[in-house]
Amino acid sequence: MAQIKTLAEFITERQHEFTYATGELSQLLTSFRLAAKIVNREVNKAGLAEDILGAQGTDNVQGEAQQKLDVYANDMFIRMLRSQGEVCAVASEENDDIVHFDNGGRYVVAMDPLDGSSNIDVNVSIGTIFSIYRRISTGPKATMEDFMQPGTAQVAAGYIVYGSSTMLVYTTGHGVNGFTLDPSIGTFCLSHPNITTPADGLYYSVNEGNSTDFSQGVKTYIENCKKSKTGARYIGSLVADFHRNLLKGGIYLYPATAKSPKGKLRLLYEANPLAMIVEQAGGSATDGGTRILDLKPSELHQRCPLFIGSKNMVEGVMRTLAS
Ligand code: FBP
C-alpha cells in the first residue's frame with residue numbers, strides 16, 4: 001500500500017523551498033489546516049444544525065448578504081491566524097477594513113473565507129481561498145502598502161474545497177500539491193502530488209445568463225467553444241469550477257457585465273491566489289488585457305474580469321478579445 005504522507009509532514013519536508021525562515025510557512029499553513037477542519041465540520045452538518053444555515057441579516061462591504069457560515073468561517077480563520085503569531089494583519093471579503101493583530105508577525109493574508117456562499121443552503125461545493133504576502137511596511141502596524149503588492153509578490157496561495165471530499169490545494173511557487181482530508185483520522189493526506197493542468201481543456205465555465213452583457217469578443221469565444229463541442233460546466237462556486245478545470249483542463253470566465261462593469265470577482269483574495277496556482281500548474285490567468293499577477297492593486301476589495309485555466313484556452317480568449 002502506498003505510503004501516506006500527511007500535509008504536516010509534506011510541509012516540513014519541503015520547508016527548504018520556502019524563501020524565508022524555516023518553520024514560518026508550516027506555522028502559517030497550520031492555521032489554515034486547523035481552521036479548514038473546523039469549518040469543514042460545520043459545513044458537513046449545516047443541514048442538521050439549527051443556527052448555521054441562512055442569512056446572517058448583515059451585508060458585507062460589497063453589499064452582499066452575509067450568510068451565517070460566511071461569518072462563522074471568517075471568525076474561525078481570523079482566530080486561527082491570530083493564534084499562530086506569524087500573520088500581523090488580514091484582509092477578508094467579510095471585513096470592510098484590514099484586521100490588525102498587533103503581534104509583530106511578518107506576513108499578511110488576504111482571504112475569501114467562504115466562496116460560493118450562495119450555494120451553502122443547497123449543498124453545492126463551496127470553498128475558502130487564501131493569499132499570503134511577506135510584510136513590506138516597517139511601522140508598528142501593517143498598512144495598505146502590504147496589501148497593494150502585485151500577485152507576483154505572493155509567497156504562497158491556496159484554496160480549500162468543501163465538496164464530495166474536502167481538499168486543500170496550495171503552492172509556495174514550487175509546484176502545486178493537493179491534500180484530501182481523511183475524516184477517519186482527521187488529517188489532510190497527500191492525494192494529488194504535482195498537479196499540472198492540461199494545455200487544452202474539456203470545459204468552459206461561464207454564467208451565460210449574463211451573455212447579453214458580454215463584449216462581442218467574449219460572445220465569439222463562447223460560440224467557438226460550442227462549435228468545437230467543448231463541454232459547458234458552471235457550478236456558480238468559483239473554487240469548485242476552478243478545481244474541476246485545474247484537474248481536467250478548462251477555462252473559467254467571469255467577464256465584465258452591465259451589473260459588474262469591472263467584473264465580479266475580487267483581485268486580492270479570488271483572482272490573485274488562483275492565478276498563482278494555475279500558473280504553477282502550467283495554466284494562465286488574465287483580465288482580458290493584462291496577466292492577473294501583474295495587476296497593481298489599488299483597493300482592498302477591487303474587482304477585475306477573470307479568464308483563468310488551460311494555457312491554450314486563455315490564449316484563445318485573448319486572441320478573440322483582441323480581434
Ligand atoms: P462569493 O460567494 O465569495 O461572493 O464569490 C463569488 C461567486 O459566488 C463565485 O464563487 C462564483 O463563481 C460567482 O460568484 C457566481 O456569480 P454569478 O451568480 O453571478 O454567476
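How far is an oxygen atom of the ligand from an N or O atom in the side chain of Asn-207? The answer is 2.8 Å, and the legends below show where this fits. The model is predicted, so local features need pLDDT of at least 70, side-chain atom pairs count only at pLDDT 80 or more, and totals for chains, interfaces and linings use all residues. Residues are numbered from 1 along each chain as its sequence is written, and side-chain values use heavy atoms, without hydrogens and water.

**View 1. Oxygen atoms of the ligand meet polar side-chain atoms.** Besides Asn-207, look for Tyr-254, whose side chain has an N or O atom 2.5 Å from a ligand oxygen. For Glu-93, the corresponding distance is 3.1 Å. On its own the ligand has 470 Å² of accessible area (Shrake-Rupley method, 1.4 Å probe), and the protein covers 87% of this.

**View 2. A shell of 18 residues surrounds the ligand.** A residue is near the ligand if one of its heavy atoms lies within 4 Å of it. Among those that come nearest are Tyr-234, Leu-238 and Tyr-252. Strand β5 (107-115) supplies at least two shell residues, and so does β13 (250-254); strands here are DSSP runs (E, at least two residues), numbered from the N terminus. The top contributor is β5, with three residues.

**View 3. Eight strands form an open sheet with mixed pairing.** Their order is β4-β3-β5-β6-β7-β8-β9-β10, with β4 (99-100) and β10 (187-192) as the edge strands. Two strands pair if DSSP finds at least two bridges between them. Follow β7 (154-162) and β8 (166-171), which are antiparallel over six bridges; Val-161 has Met-167 in β8 as its bridge partner.

Notes
Polar contact = N/O pair within 3.5 Å; in protein donor to acceptor, adjacent residues only side chain to side chain. Helix = DSSP H or I, 4+ residues; strand = E, 2+ residues; numbered from the N terminus.
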